[in-house]
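Here is a friendly walk through a structure that may be new to you. Take a moment to look it over, and then read on.

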Amino acid sequence: MRNETINRILVLFAHPAFHRSRVNRVLVEAVKAMEGITFHDLYDAYPDFGIDVASEQELLVAHDVVVFHHPFFWYSTPAILKEWQDLVLQHNWAYGHRGTALRGKTLFNVITTGGREEAYRAEGHNRFTMRELLAPVEQTARLCGMDFLPPFVAHGTHRMSEEEMSLHARDYVLLLDAIRKGSFDFETARSVQRLNKDLQGLIGG
Amino acid sequence: MHGQGFFFQAFVYLTAAVVAVPIAKRMGLGSVLGYLIAGMVIGPFGLGLIGEEGKDVLEFAEFGVVMMLFLIGLELQPSLLWRLRKPILGTGGLQVGATAAVITLVAVGTGLPWQAGLAVGLTLSLSSTAIVLQTLSERGLMRSEGGQTAFSVLLFQDVAFVPMLAAFPLLATGMTDLGQGSVNEATVAAGSMGSVQRAGEAAGHATAWAEGLPAGSQTLMVLGAVAIIVLMGRYLVRPAFRIIAATNLRELFTAAALLLVIAISLLMTQVGMSPALGAFLGGVVLANSEYRHELEGDLEPFKGLLLAVFFIAVGASVDFGLIGRDPAVVALLVGGLILLKALVLFFLGRAFRMGLDQNLLFTFALAQGGEFGFVLFSFAGQLNVLPPETTGLLIAVVATTMALTPVLMVLNEQVFQPRIGTKEVEETTADAIDEKGEVIVVGFGRLGSLTGRFLRANGVKPTVLEHDSDRVETLRALGLKVFYGDGSRHNLLRAAGAEDAKLLILAIDEQDKIRKVLDAVETHFPHLQVLVRVAGRPEAYELLDRRVHHVYREGVETALRMGVDALRLLGRPAHQAHRASRTFFQHDEDSVRELGTMRHDRAAYFSAARERISTLEELMLSELETEGENRDVGWDTDTLLEEYGQPDP
């Protein structure tokens, strides 16, 4: 049973201007050295986009939960993470008849957005919710037989105070820790808008 | 002399150093203390291997102090010296003034006449440049605020020593003639500071030029000498060194470097100034020159050796006989002197708002008598300002406090600093005396200059060493910081800042030179990460065997860029050609590492030439094999078409 196993987590981090990102630095610092977490910075590993497909696939096989951790660029992932999907999620490996390598694994996004939460509503500036905008990732996960969870979102990074940042960092750690130890409520999580809205309810058990 | 001649003496000194210093270092006491103890052991009161001639040796070895100040000057840009004016004049002036006043009062309190008291006060206000600077730099404390302030104060003391010497005859109560004669004596005594005067005497020029001249002309002569040093450093020394460097005779360069320091010392001695101060000035003038690091590298061993002899001689000159006769008095005087000086220094540090940790460093560093004390006390004895038994006692006290300085520094580091939660020294690196870079580039030819320019464009200022003196000249004319020198000697690397640097970029052609630099780095600076350009595969194999990880074969990137353009001209899509070159590059790099380890088995069977051919064959074959290893299949639709059939039109 899922709840009894220990989940190995792979964080695929992508930020082309990481050195200028205040919020992501705090988030990354918090989880980078966590036990049982593999932190993989794609722009650091492939500065010229020369993604090593074989080794990326090996990494995926060796983990149970995959996290896309990135800022929200044009309602999507930064370029390298899209390139990663294009090249690593090969036909007959990730999907198709013989493509079963990722079956049963879990995927979700950890996203920072400049805009505030109100902007990501039907009546808001961006007209769609985060869940709606992430439909391509959700369907990608579905096609690969993966379990897709709603995103963990840190909204409003433009004006985020130090305290807010460290609260988000704390939540991020709590979330990964609960998933790793198997005390996370995957069932309830599937239907929420974002994982960090009522985190206590999800990690309690 | 014990009659055994020069070689026996050299044997004794060197043996003492070689035995004592490693032991002292291992015990965390530093080399200075090691030399001092070695001196005590072989001195007249220890094994008696060296006798009274220790004093002569002391004078000779003071030339080491001259060299040390020349080298310190080399490290100190004039602009930095200007920034240190406040600590030099303010802290230095107050330290000498206040310490002299306090000690004079105490001395007069014990019943000395005021003239004698003042002589004692002035003399004991000075500290030991040699011991303090050597100990500080050995412990890596020269960059710290406390270290810099201590250095500034020592610089002021060097200047103050000269007027003190001139003023002593005025204190001589017994003398009626306070005019010309006494000034001359002062000048002669100043000359005897270094060995230079002895050389002069031997050559038959016993009299200084300034002797017999009125005070006004003397001042003019001093100013003239300073002007000569500055002008020569600016306009004569650099072209001269350029010519000497072009001969490519290393020993000639060393000779020229020594000549320079000796010439400055002679000149300063002739006008009655401290040779150390003149050498310091000469160093500062040359601090911006391209030959700075080469000079440092060449003179460093001489300085080190002479200073070592100097410290041994100081150790040997501690008069245990005198101390043994009246241990309580000596102990009281030593303790009292250190305490008084430390109190004055501590309050000064407070007044100039130093942090507690830096203030303690500053205080402990300077709380001793100095080598100037030997000269001044002997001089005061000759002038009858002080009775002979007092001068003997005071010289013993000064020598003892000097010997105790390294002990105090260890005490400060291991007992006091841990209690107050010492702050990292790094905070003050911005104001450091020596602003050395994180990166050293050796070889500034085709390749090194490109790497260097790229680093500069990104805000990294490398220290550059280049062996071609013409190229050095051109590059400096363009305003680049390039230094003349050959990176294969560890002294030069040290002078270029290898101890504090993080990276060493090696961009020189000859594999043999590369080997030498790597040898030097492995032995002396194992912390340095090395990036090496090599000619080709065999050279790369050799370096990989040596566990150099960052190896760059020249021309690989260029060859592949040409290949990419060729493919594009043949009509291949640009992106595909580019990716193919990256795949090829990765494959090629991997194969260097793989074949590098394999080649050892084969080396026994094939000659080097055949090996090269077979390696090439192997390479070509392995290229064919990896044809199918396409990393871009994720973009292909072939298998999709197979599975889902033709897409709807």
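What follows covers chain B, its core, two of its helices and its meeting with chain A.

This is a predicted model, in which local features need pLDDT of at least 70 and side-chain atom pairs count only at pLDDT 80 or more, while totals for chains, interfaces and linings use all residues. Residues are numbered from 1 along each chain as its sequence is written, and chains are lettered from A and ligands numbered from 1 in the order in which they are written.

**Chain B overall**

Chain B has 28 helices and six strands; these are DSSP runs numbered from the N terminus, helices being H or I of at least four residues and strands E of at least two. Of its 649 residues, 42% are buried, meaning that 20 or more other C-beta atoms, placed from the backbone, lie within 10 Å of the residue's own.

**The core**

Which residues touch the most other members of the largest nonpolar core? They are F310(B) and I312(B), in a core of 166 residues. Such a core is a set of buried Ala, Val, Leu, Ile, Met, Phe, Trp, Tyr and Cys residues joined through C-beta atoms within 7 Å. Helix 3 (residues 54-75) of chain B gives the most to this core, with 13 residues. Leaving aside neighbours within four places in sequence, I312(B) is in contact with residues including Y13(B), Y35(B) and G39(B); contact means that C-beta atoms, placed from the backbone, lie within 7 Å.

**Two helices**

The expected span of a helix is 1.5 Å times one less than its number of residues. For both helices below, the distance between end C-alpha atoms agrees with it.

| Helix of chain B | Residues | Expected span | End C-alpha distance |
|---|---|---|---|
| Helix 5 (85-109) | 25 residues | 36 Å | 35 Å |
| Helix 19 (388-419) | 32 residues | 46 Å | 44 Å |

Among the buried residues of helix 5 of chain B are P87(B), T91(B), Q95(B) and I103(B). The buried residues of this helix pack against helix 6 (114-125), helix 8 (145-171) and helix 16 (327-351) of chain B. Just after helix 5, G111(B) takes a positive phi of about 105°.

**Where the chains meet**

How many residues of chain B are in contact with chain A? Nine are, and they contact twelve residues of chain A. Helix 28 (residues 638-644) of chain B provides the largest share of the chain B side, three residues.

Conventions: Buried ≥ 20, exposed ≤ 12 C-beta atoms within 10 Å, placed from the backbone. Contact = placed C-beta atoms within 7 Å.
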